[in-house]
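Let's take a walk through this one, from its charged pairs to its packed interior. Have a look at the sequence and the fold before reading on.

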Amino acid sequence: MKLIVGLGNPGKQYERTRHNIGFEVVDEVSRRFNIPLNQAKFKGVFGAGILNGEKVILLKPLTYMNLSGESIRPLMDYYDIPPEDLLVIYDDLDLPTGRIRLREKGGAGGHNGIKSTIAHVGTQEFKRIRVGISRPQNGMAVVDYVLGRFTPEEQAGMQEAAKKSAKACELWLNEPFLKVMNEFNQQS
């Protein structure tokens, strides 16, 4: 069983913001593979399905970004999912907009959603898909930037990044993550 988590913030005011790209990727996986997010528990919304012969759970924590681990850990405990079967998708300021980068483990890199996940899961050893949103320009505050929406010029690239990320999730179900990582990191 695999757990795919997209990080973001709940509520209409945060929809389609840069910080919510993790939610958008999980929505893309949900649509693409007909796994509805129709259950509310563990401080999140989630859904389960079978994809390529593997049971998959999709989760969008509704705890707000900085408390994401409070949703992830209870679900992992309930379904007895080990950290090596966890994949977390989130925004990254240090990657160009629309670029994706897969990693098998690592630190939080200043991302509060990942800090919370590491603290609650108890390890840095879980898989990640980082989706680039670039850094703010012209002195804009990081908080305002990440909670802002993509420009029309950025939208097409972000839709493509969501599709690539969903494809990487699908391939991970049948391939070693290292192989998937090598394939997608070369594309980016």
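How many salt bridges does a search of the whole structure find? There are 13 of them in this predicted model. Three of the pairs are set out here.

| Pair | Closest N to O |
|---|---|
| Arg73 and Asp77 | 2.9 Å |
| Asp92 and Arg130 | 2.4 Å |
| Lys179 and Glu175 | 3.2 Å |

Start with Arg73 and Asp77. They sit in helix 2 (residues 69–79), four residues apart, which is about one turn of the helix. Arg73 counts as partly exposed because its relative accessibility is 28%, and Asp77, at 48%, counts as partly exposed too.

Asp92 and Arg130 tell another story. Asp92 belongs to strand 5 and Arg130 to strand 7, so their salt bridge ties together parts that are 38 residues apart in sequence. Both residues of this pair are buried.

Then there's Lys179 with Glu175. Lys179 is partly exposed, with 48% relative accessibility, and Glu175 is partly exposed at 30%. Elsewhere, Glu28, Arg31 and Arg32 are joined into one network by salt bridges that share partners.

Now for a charged residue without such a partner. Asp91, in strand 5, is buried but has no salt bridge. Arg18 carries the nearest side chain of opposite charge, and that is 8.7 Å away. What does the side chain of Asp91 make polar contacts with? One is with the side chain of His19, at 2.9 Å, and another, of 3.0 Å, is with the side chain of His111. Leaving aside residues up to four places away in sequence, Asp91 also touches Ile21, Met65, Val131, Ile133 and Val146, among others.

On to the nonpolar interior. The largest nonpolar core has 33 residues, and Ile4, Leu102, Ile129 and Val131 have the most contacts inside it. Several elements supply at least two residues each, including helix 1 (21–32), strand 4 (54–61), strand 7 (127–132) and helix 6 (177–187). Helix 5 gives the most, with seven residues.

Leu102 is a good place to see the packing. Beyond residues up to four places away in sequence, its contacts are Arg128, Ile129, Ala168, Phe177, Val180, Met181, Phe184 and Asn185. Apart from the largest core lies another one, of 20 residues, with Leu3, Ala108, Ile114 and Val121 among them. In soluble globular proteins, nonpolar side chains tend to be buried together.

Conventions
Residues are numbered from 1 along each chain as its sequence is written. This is a predicted model: local features need pLDDT of at least 70, side-chain atom pairs count only at pLDDT 80 or more; totals for chains, interfaces and linings use all residues. Side-chain values use heavy atoms; hydrogens and water are left out. A nonpolar core is a set of buried Ala, Val, Leu, Ile, Met, Phe, Trp, Tyr and Cys residues joined through side-chain atoms within 4.5 Å. Buried means under 20% relative accessible area, exposed over 50%, partly exposed in between (1.4 Å probe, protein chains only). Contact means heavy atoms within 4.5 Å. Lys and Arg count as positive and Asp and Glu as negative; His and the chain ends are not counted. A salt bridge is a side-chain nitrogen of Lys or Arg within 4 Å of a carboxyl oxygen of Asp or Glu. A polar contact is a pair of N or O atoms within 3.5 Å; within protein, one must be able to donate a hydrogen and the other to accept it, and residues adjacent in sequence count only if both atoms are side-chain atoms.
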